[in-house]
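Let's take a walk through a protein model together. Keep the picture open while you read, and look up each residue as it comes along.

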Amino acid sequence: RATSAGQRFGYSCFGLAMVLFFIGLVAQFPQWIVTTIVVLMVAGSVVLLPAIIFSYAAKAAADEEAEESPHG
C-alpha cells in the first residue's frame, strides 16, 4: 500500500508540475510558478524513486515465494 501511495503522490507531483509549466508558459513564468514547479519535481523524484524500487522488490519477493510454495 505504501508503495502504491508513494507512486500516486510522485506521479501527481509530476502531473501538477506539467500543468503549472503550461500555465507559466502563458503567464510568462512568474517566480512563484517556477519555484513551485521545481519543488514539485524534487518532491516527486524523492518520493517516486524509492516507491518504484520497493514496488518491484515486493513483486519479486511475492513471485519468488509463489514459486517456492508447494501449492503453486
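## Two helices and a loop

Ser-55 is buried, since its relative accessible area is just 9%, and buried means under 20%. You'll find Ser-55 in helix H2. Setting aside residues up to four places away in sequence, Ser-55 touches Thr-3 and Gln-7. Before we go on, keep in mind that this is a predicted model.

**How the helices meet**

How do the axes of H1 and H2 cross? Helix H1 covers residues 2–26 and helix H2 covers residues 31–68; their axes come within 7 Å and cross at roughly 155 degrees. Angles over 145 degrees count as roughly antiparallel, so that is the label for H1 and H2. What about the handedness of the crossing? The crossing of H1 and H2 is left-handed. As for the residues that make up the contact of H1 with H2, 19 are nonpolar, nine are polar and none are charged.

**Into the core**

Now find Ile-37, which lies in helix H2. Is Ile-37 buried or exposed? With a relative accessible area of 13%, Ile-37 is buried, because the cut-off for that word is under 20%. Its contacts, not counting residues up to four places away in sequence, are Ala-17, Leu-20 and Phe-21. Take Leu-20: 17 residues separate Ile-37 from Leu-20 in sequence, and in space they are 6.7 Å apart, C-alpha to C-alpha.

Ile-37 also belongs to a group. Which residues form the largest nonpolar core? There are six of them: Cys-13, Ala-17, Leu-20, Ile-33, Ile-37 and Leu-40. H1 and H2 are the elements that give two or more residues to this core. In soluble globular proteins, nonpolar side chains tend to be buried together.

**Round the loop**

Next, head for the loop between H1 and H2, where you'll meet Gln-28 and Phe-29. Gln-28 is not a glycine, yet it has a positive phi of about 60 degrees. Phe-29 isn't a glycine either, and its phi is positive too, near 50 degrees.

How accessible are these two? Gln-28 is exposed, with a relative accessible area of 71%. Phe-29, on the other hand, counts as partly exposed at 31% relative accessibility. Which residues does Phe-29 touch, leaving aside its neighbours within four places in sequence? Phe-29 is in contact with Phe-21, Gly-24 and Val-34. For a sense of distance, pick Ala-5: Phe-29 and Ala-5 are 24 residues apart along the chain, and their C-alpha atoms are separated by 30 Å.

**Back along H2**

Val-47 has its place in helix H2. Its relative accessible area is 29%, so Val-47 is partly exposed. Not counting residues up to four places away in sequence, Val-47 touches Gly-6 and Phe-9. Val-47 and Thr-3 are 44 residues apart in sequence, while their C-alpha atoms are 9.3 Å apart in space.

Here are the accessibilities of the residues we visited, side by side.

| Residue | Relative accessible area | Label |
|---|---|---|
| Ser-55 | 9% | buried |
| Ile-37 | 13% | buried |
| Val-47 | 29% | partly exposed |
| Phe-29 | 31% | partly exposed |
| Gln-28 | 71% | exposed |

To wrap up, go back to the picture and trace the route once more. H1 and H2 are roughly antiparallel to each other, and the loop between H1 and H2 holds Gln-28 and Phe-29.

Key
Residues numbered from 1 in each chain as written. Predicted model: local features only at pLDDT ≥ 70, side-chain atom pairs only at ≥ 80, totals over all residues. Heavy atoms only, no water. Axes fitted to C-alpha atoms, helices over the stretch in contact; angles between N-to-C directions. Helix = DSSP H or I, 4+ residues; strand = E, 2+ residues; numbered from the N terminus. Parallel < 35°, antiparallel > 145°, perpendicular 65-115°, else oblique. Left-handed = near helix turned anticlockwise from the far one by under 90°. Nonpolar A, V, L, I, M, F, W, Y, C, P; charged D, E, K, R; others polar. Buried < 20%, exposed > 50% of the residue type's maximum accessible area, 1.4 Å probe, protein only. Contact = heavy atoms within 4.5 Å. Core = buried A, V, L, I, M, F, W, Y, C linked by side-chain atoms within 4.5 Å.
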